[in-house]
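Visitor: I would like a close look at one helix of this protein and at what surrounds it. Please take the last helix and work outward from there.

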Amino acid sequence: MLPSGDDDALYHVLRSARMVEGTEGAPWRDPNLNFPRGADVLWPPLFDGVLASAGWIAAGGTVPDREAIATGGSFVPPVLGLLSIALVALLADVLVGAGGIEAAFVLALLPADATFSMLGRTDHHVLESLLCTVAFLAFAWGLRQ
């Protein structure tokens with residue numbers, strides 16, 4: 001399955017494959033950025049690691065190639081998007097004691113969230129939304145204490 005969206009989706013599959021293959025410097029250095037000198041990669045590799053893990057599952061536990069990473073990784077965004085929706089419902093209940101279903105419904109209908117979490121869009125923005133919600137939830141729980 002070919003990743004959809006912009007070039008970021010393809011780049012995340014490439015970075016995941018480099019991690020799995022043990023490419024020198026991966027995931028913290030990319031030899032093709034600023035070619036021929038290469039460049040340090042400043043963003044953390046969590047999302048690429050998740051894609052690589054999904055690739056291992058798609059490959060049946062063997063070392064995945066790029067196609068297996070793309071196939072397995074294509075299911076990651078919808079799963080993370082659904083998890084974000086559930087956490088937003090929980091966040092609304094923690095903050096105001098009600099409205100969780102309504103808040104989840106609003107998030108599910110937002111074009112940006114729907115785009116980031118669509119099947120095949122192996123881009124890190126869906127994880128940003130999830131981690132932001134987790135941070136808000138932790139903060140809200142801390143306020144209740």
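Guide: What follows starts with helix α7, moves to the pocket and the helices beside it, and ends at the other end of the chain.

The model is a predicted one. Helix α7 covers residues 125-144, which makes 20 residues. From its first C-alpha to its last, α7 reaches 29 Å, close to the 28 Å expected at 1.5 Å a residue.

The buried residues of α7 are V126, L127, L130, T133, L137 and A140. They cover an arc of only 150° around the axis, which puts them on the same side of α7. A residue is called buried here when its relative accessible area is under 20%, and exposed when that area is over 50%. By that cut-off F139 and L143, on the other side of α7, are exposed. The cover over the buried residues of α7 includes α2 (46-58), α4 (76-96) and α6 (111-116).

Helix α7 also takes part in the largest pocket. The volume of this pocket is about 160 Å³. Its lining consists of H12, W43, P44, L46, F47, H124, L127, E128 and L131. L127 therefore has two roles: it is one of the buried residues of α7, and it lines the largest pocket. Both α2 and α7 supply at least two residues of this lining. The largest share, three residues, comes from α7. Sorted by class, the pocket lining has six nonpolar residues, two polar and one charged. α2 thus appears in two places, as part of the cover over the buried residues of α7 and as a supplier of the pocket lining.

Two of the helices that cover α7, namely α4 and α6, also bear on helix α5. The buried residues of α5 (residues 100-109) are G100, A104 and L107. They cover an arc of only 60° around the axis, which puts them on the same side of α5. The face of α5 turned away from that buried side carries I101, E102, F105 and L109, which are exposed. What covers the buried residues of α5 includes α4 and α6.

The whole chain gives the setting for these helices. The protein has seven helices and two strands. Read from the N terminus, its elements run α-β-β-α-α-α-α-α-α. The C-alpha trace spans about 55 × 30 × 30 Å along its principal axes. Of the 145 residues, 38% count as buried. Among contacts between residues at least 6 apart in sequence, 61% join residues at least 24 apart.

The remaining features belong to α1, the strands and the loops by them. The structure holds one cavity of 30 Å³ or more. About 40 Å³ of space lies in the largest cavity. The residues that line it are Y11, R15, R18, A26, P27, R29, D30 and V41. Two elements, α1 (7-21) and β1 (29-30), give two or more residues to that lining. α1 gives the most, with three residues. In terms of class, the cavity lining has four nonpolar and four charged residues, and no polar ones.

Two of these lining residues, A26 and P27, are joined by a cis peptide bond with omega of about 0°. P27 is found in the loop between α1 and β1. A second cis peptide bond runs from F35 to P36, with omega near 10°. P36 sits in the loop between β1 and β2 (39-40).

N34 is found in the loop between β1 and β2 as well. N34 has a positive phi of about 55° although it is not a glycine. With a relative accessible area of 47%, N34 is partly exposed.

To return to the starting point, α7 has its buried residues on the same side, exposes F139 and L143 on the other, and gives three residues to the lining of the largest pocket.

Definitions and conventions:
Residues numbered from 1 in each chain as written. Predicted model: local features only at pLDDT ≥ 70, side-chain atom pairs only at ≥ 80, totals over all residues. Heavy atoms only, no water. Helix = DSSP H or I, 4+ residues; strand = E, 2+ residues; numbered from the N terminus. Expected span 1.5 Å × (residues − 1). Buried < 20%, exposed > 50% of the residue type's maximum accessible area, 1.4 Å probe, protein only. Arc of directions from axis to C-beta. Contact = heavy atoms within 4.5 Å. 1 Å grid on protein atoms, 1.4 Å probe; cavity = no way out; pocket = protein on both sides within 12 Å on 5 of 7 lines; lining within 4 Å. Points joined across faces, edges and corners; volume = space filled by probe spheres on them. Nonpolar A, V, L, I, M, F, W, Y, C, P; charged D, E, K, R; others polar.
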